[in-house]
Amino acid sequence: MGVMVQGIPAAPGIVIGPAFVARWPRLEVPHATVGPDEIEAEVARFQAARQSAKERTSGLREQVESRLGSVQAKIFDPQLMMLEDPDLIEGTVTYICDSFLTAERAFSLRVLEFRSRWLDATHARVMDRVADLLDVQLRVLETLIDIPGPEFAVDVDDPVILVAHELTPSRMVDLDRSRVLGVATDAGTRTSHAAILARSIGLPCVVGLSDLSHRVENGVEIILDGRRGKVVIAPSESEKRWFHDRDARAKQAEKQLEGTVAEEARTRDGERIGLYANLELPADARAAVAVNADGVGLFRTEFLVVGKTAIPAEEEQYEAFKSVVDTLAPRPVTIRTFDLGGDKFPMFLPPIAEENPFLGWRGIRIYEMMPELFRYQVRAALRAAAHGQVRLLVPMVNTVDEVQGIRAVIDEARRELERDGIEHADCPLGVMLETPASVAIAAVLGRYVDFFSLGTNDLIQYMLAVDRGNAQLSQFFDLYHPALLKYIRDAVAAASATGVPLCVCGEAASDPLGSLLLLGLGVRSLSCTPSAILGQKRLIRSIDLGQVERVVSRLLDAETGREIREQMVMALGDVVDLAAVDADDNLSPSD
Ligand code: PEP
Ligand code: MG
């Protein structure tokens, strides 16, 4: 049996091949000085190198723009900003002038200072920016000194799975698709730039694999499963067959599902279920249309802040929102305002020392600290609403006061746009039901909002007090816990009593058995990752909703999550088709 390593799924696809461990040699920039009469020339050398780095970064940006689109190209904006950063430039020039250091040494020292300042001061998510800084450093130094490339110790003519500690965005873009089957990195998050680019390029990728690059030898065969975030080192023949099989089945199932694109998501007994898409990036909008989603149930907007040193401008947000609205038209698009804090701390947020970030400054609470953050989004959303159906969704709401505060900001933004003669339109306001408190008072919140979006990811986390990001706790992260059933049923009842539509947008909505539980509890709209929509539609078309409701209603008094799950599998396992793609995420080849 091989060694299975769990990481973070970054881009889907299963590939098997030899590992190519890219160990970029440590950058050695020797300590060297120049004479007092060479200072001016040395400063000029640095400025020329910086200029050339800027030109090459812009070139890369253009290349990405034509290959992948304008949103992906923006990934290089933070790097261009760093190359203009007065602190970085002046600090380097000071080292040259005052300490007589060479341009390369002075610049490297300054970069090192930035790097350690970022790593000390803020959250691990700043790692995303550190990869950008490394890119910038390499590109400036390339002009000044000879920089060795990665050590090629295997025959890279054969396609390989690239294993690295970390990939900078430009290295990801530069990869030769004919030689690289997939990428596995120790560092990185789902929202790091390299991961976003891998998804856009369609390159299977797993990140966050801790020390994989030290555990794998060059040339050793590995399996990379980008959908589940798994890597298997030196797999056995049976494991290879198992993954191979799954890959083949996934592809075959995808083909078969294409036939359901034009069909309606209607159950056998005639109930039409809303099937919406969750988007992480504007580019995902095309995928949502390709699977004929009813609209966008959740457009996460955090992509706008990843790696940014300043709050994104209203115009940039408006462009991004408008592009999705245009692509989806005439279907509705639900834009969720920033859900920052927790595990997402962009650079422009003041560093906050928190013991428990997920219980700290997160979601709507941050808007109090930074009102402009919310105001620009609201204005951009109202402006995008002039081009189609836009709905505004706010995360982590707990109280009626918060909803009234949001309404006040929306009213103010509308007045400003009116006054300035800027084209805009009204949009319905919704809140996420993702804390136990919000579900408990949903009937009250329903008097103040136009729609609800139930987020199972956070609701499970907060109800069961289980960190959603901790893979080691995953056995405790249980949608089928009897407490969850009661709360979801209560949320559905409160929504229907107040006449407020409710859609579920957490991961449970994309899971076959999970969605049957939701439907059985009375949920009638699901928002899923685009790749799950056709499978979910096929499932919906195969069920008798009355039967699902009867099964679930019998489970409301069950004592354990295990019992609920088992009963559901027993009663509905045949429709779920447990062999279907993604249904057995928790199974491994040895099960
Ligand atoms: C959720 O909490 O279920 C949800 C959909 O929001 P996010 O995963 O972005 O927190
Ligand atoms: Mg959430």
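# Close-up views of a predicted model

**Glu549 is partly exposed, at 30% relative accessibility.** Relative accessible area is taken with a 1.4 Å probe on protein chains only, and a residue is buried under 20%, exposed over 50% and partly exposed in between. The model is predicted: local features need pLDDT of at least 70 and side-chain atom pairs pLDDT 80 or more, whereas totals for chains, interfaces and linings use all residues. Residues are numbered from 1 along each chain as written, chains are lettered from A and ligands numbered from 1 in written order, and side-chain values use heavy atoms, without hydrogens or water. Glu549 forms a salt bridge (side-chain nitrogen of Lys or Arg within 4 Å of a carboxyl oxygen of Asp or Glu) with Arg524, with 2.5 Å between the closest N and O atoms. Glu549 belongs to helix α22 (residues 545-554) and Arg524 to the loop between α20 (512-520) and β16, so the bridge ties together parts 25 residues apart in sequence. Helices (H or I, at least four residues) and strands (E, at least two) are DSSP runs numbered from the N terminus. Arg524 is partly exposed too, at 23%.

**A network of salt bridges with shared partners joins Glu302, Arg336, Asp339, Arg362, Asp458 and Arg468.** The model has 40 salt bridges by this rule. Arg362 and Asp458 meet at 2.9 Å, N to O. This pair spans 96 residues, from the loop between β11 (333-336) and α13 (364-369), which holds Arg362, to helix α18, which holds Asp458. Arg362 is buried, at 3%. Asp458 also bridges to Arg468, again with N and O atoms 2.9 Å apart. Arg468 sits 10 residues from Asp458, in the loop between α18 and α19 (482-498). Arg468 is partly exposed, at 36%, while Asp458 is buried, at 2%.

**Glu434 (OE) and Asp458 (OD) are the protein donors of the magnesium ion (ligand 2), at 2.0 to 2.1 Å.** The two donors are 24 residues apart: Glu434 in the loop between β13 (429-433) and α16 (436-440), Asp458 in helix α18 (residues 456-464). Donors are N, O and S atoms within 2.8 Å of the metal (3.2 Å for Na, K and Ca), and sites may look incomplete because water is not among the atoms. Glu434 and Asp458 are both buried.

**Strand β16 (residues 525-528) begins with Ser525 and is covered on both faces.** Ser525 and Ser527 on one side, and Leu526 and Cys528 on the other, are all buried. Ser525 has a relative accessibility of 17%. Beyond four places in sequence, Ser525 touches (heavy atoms within 4.5 Å) Gly274, Tyr276, Leu502, Cys503 and Val504. Strand β9 (residues 274-279) runs parallel to β16 and is joined to it by four bridges; strands pair if DSSP finds at least two. Tyr276 stands opposite Ser527.

**The model has five aromatic pairs.** In one of them, Phe46 and Phe107 have ring centres 5.6 Å apart and planes at 35°, so the pair is tilted. Phe46 is in helix α1 and Phe107 in helix α5 (residues 103-121), so the rings tie together parts 61 residues apart in sequence. Phe46 is buried, at 0%, as is Phe107, at 2%. Trp242 and Phe243 have centres 5.0 Å apart and planes at 80°, so that pair is edge-to-face. Rings of Phe, Tyr and Trp (its six-membered ring) pair with centres within 6.5 Å; planes under 30 degrees apart are stacked, over 60 edge-to-face and the rest tilted.
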